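This report describes selected features of one protein chain, with attention to residue burial, side-chain pairing and nonpolar packing. Please consult the sequence and the structure alongside the text.

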Amino acid sequence: MQPFTFNTTAQLISESGAARRLAELCRARGARRVLIVTDPGIARLGMLDDIVPGFTQAKVSVALFTEVNADPTEACVLAATARARHIGADLVIGFGGGSSMDVAKLVALLAHPECRQPLSALYGIDRAEGQRLPLIQVPTTAGTGSEVTAVAVVTTGETTKMGVISPLLFPDLALLDADRTLGLPPAITAATGIDAMVHAIEAYTSKLKRNPLSAMLAREALRLLASNIDQAVHNGGNLQARQAMLLGACLAGQAFANAPVAAVHALAYPLGGHFHVPHGLANALVLPHVLAFNRPEAVTDYAVLASDLLGPRLRPGDAYAQSQQLIDELAELVPRCGLPNRLREVGVPRHWLEPLAEDAFKQQRLLVNNPREVSQADALAIYQAAY
């Protein structure tokens, strides 16, 4: 067995209704002044209305930063940090999707009283130094797994993003409460759920850092997600299905935080950068075509994953046939969940495929993890197949 290291969030609570205990959890950690980082939609929908009063009862001061938008910018991170410093926050809560949780990670780092690093010095791997404030993450979508990853992504230009990657960004507590996902629109439920499935699939086949723990978590994540996504999308009030989706996304996050993602994400990022296609949907659009490309090198692994995805619906056959069942099922899942399944359906012009392939090929940080080597010509062929 090859040596490996596995890191993850220190504590996990998976329980419907647990978010109503946030104030108590903060007080138990000695917090006196808390900043909740979230987005305008969550504030507008009143998703914190049953949580904030608990802080008064617990005698813990709380403030809200509600200005996080999708693909958060450096200005957003700095504004949230300024808010945390202004109130003297001694604990930060990320409450929302991946964007809110990513901003919360950076605020916990930058707002620490002893932090002397500017945001610009943090980009890259292991650039962060010192300590951070205590950090709790509450995901409101079952997708990104940001509550158990050590990565925060920031939009640095019109089409560019940069990541901060550091063990300091692992939160102290991830709180999975399906009540917080009720009312999430079917399209967002589907896109984020498929995003989590991609995390599981790519972690399981990750070329360089796959290990026994990441593989085990990836398989269980895919099983949970595949067996509950239809109910979560088409019967959004099914609390049991939504709790299972949250746990599945979390396990997939633990897996890919240690065995990184690969070509699906490398080809999805340019779609988000140039055409603002939501990340989960971008992954869904290229997923079956990347899997078809990878199959010569990953056929045995894909056959294993087919059994987790399909369960008793898996038809008898050799590994090649069962890997094809995996690809077919994922290709059918996208339209079944009501999502577009062609690049042309999300406004990508055909003449943009070559520039997209150029950008995808630059994602070598991700492509080195792919089970099959990807050239720029390969990336273009995958985009053409997805068009």
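## His112 and its loop

His112 counts as buried, at 12% relative accessibility. The model under discussion is predicted. In this model, His112 belongs to the loop between helix 5 (98-110) and strand 5 (124-125). When neighbours within four places in sequence are set aside, the residues in contact with His112 are Val107, Gln131, Arg132 and Leu133.

Ser120 is also placed in the loop between helix 5 and strand 5. Ser120 counts as exposed, with 54% relative accessibility, whereas His112 is buried. From Ser120 to Lys161 the C-alpha to C-alpha distance is 12 Å, while the two residues stand 41 residues apart in sequence.

## The hairpin of strands 7 and 8

Strand 7 covers residues 151-155 and strand 8 covers residues 161-165; the two pair in the antiparallel sense over five bridges. Together, strand 7 and strand 8 form a hairpin, with five residues between them. Val154 has Met162 as its bridge partner in strand 8.

## Salt bridges around Asp50

Side chains of opposite charge can pair when their charged atoms come close. The count of salt bridges in this model comes to 16. One of them joins Asp50 to Arg20, with the closest N and O atoms 3.8 Å apart. Asp50 is in the loop between helix 2 (40-44) and helix 3 (52-57), and Arg20 is in the loop between strand 1 (11-14) and helix 1 (22-28), so this salt bridge ties together parts that are 30 residues apart in sequence. Both ends are partly exposed: Asp50 has a relative accessible area of 36%, and Arg20 has a relative accessibility of 45%.

Asp50 also meets Arg180 in a salt bridge, at 2.9 Å from N to O. This pair links distant parts of the chain, 130 residues apart, as Arg180 is found in the loop between strand 9 (173-176) and helix 6 (186-205) and Asp50 in the loop between helix 2 and helix 3. Arg180 is buried, its relative accessible area being 5%, whereas Asp50 is partly exposed. A network of salt bridges links Arg20, Asp50, Asp177, Asp179 and Arg180.

## A salt bridge between helices 7 and 10

Another salt bridge is formed by the side chains of Arg219 and Asp308, at 2.7 Å from N to O. Because Arg219 lies in helix 7 (residues 212-234) and Asp308 in helix 10 (residues 279-310), the pair ties together parts that are 89 residues apart in sequence. Which of the two partners is buried and which is partly exposed? Asp308 is buried, with a relative accessible area of 13%, and Arg219 counts as partly exposed, at 31% relative accessibility.

## Aromatic rings

The structure holds one aromatic pair. Phe275 and Trp352 form this pair in an edge-to-face arrangement, with 5.2 Å from centre to centre and 80° between the planes. Phe275 is part of helix 9 (residues 263-275), and Trp352 is in the loop between helix 11 (319-336) and helix 12 (353-361), so the pair ties together parts that are 77 residues apart in sequence. Trp352 is partly exposed, with a relative accessible area of 26%.

Aromatic rings also lie beneath charged side chains at two further places. The charged end of Arg295 sits over the ring of Tyr320, at 3.9 Å from the ring's centre. Over the face of Phe293 lies Arg372, at 4.0 Å from the ring centre.

## Nonpolar cores

The largest nonpolar core has 82 residues, of which Ile194, Met197, Leu271, Leu330, Leu343 and Tyr383 touch the most other members. Helix 10 gives the most to this core, contributing 15 residues. With neighbours within four places in sequence left aside, Leu330 is in contact with Met197, Ile201, Leu287, Leu291 and Leu309.

A second core is separate and has 31 residues, including Val77, Ala104, Leu109 and Leu110.

How values were computed: Residues numbered from 1 in each chain as written. Predicted model: local features only at pLDDT ≥ 70, side-chain atom pairs only at ≥ 80, totals over all residues. Heavy atoms only, no water. Pairing = 2+ DSSP bridges. Helix = DSSP H or I, 4+ residues; strand = E, 2+ residues; numbered from the N terminus. Phe/Tyr/Trp six-rings, centres within 6.5 Å; stacked < 30°, edge-to-face > 60°. Buried < 20%, exposed > 50% of the residue type's maximum accessible area, 1.4 Å probe, protein only. Lys NZ or Arg CZ within 6 Å of the ring centre and 35° of its normal. Salt bridge = Lys/Arg side-chain N within 4 Å of Asp/Glu carboxyl O. Contact = heavy atoms within 4.5 Å. Core = buried A, V, L, I, M, F, W, Y, C linked by side-chain atoms within 4.5 Å.
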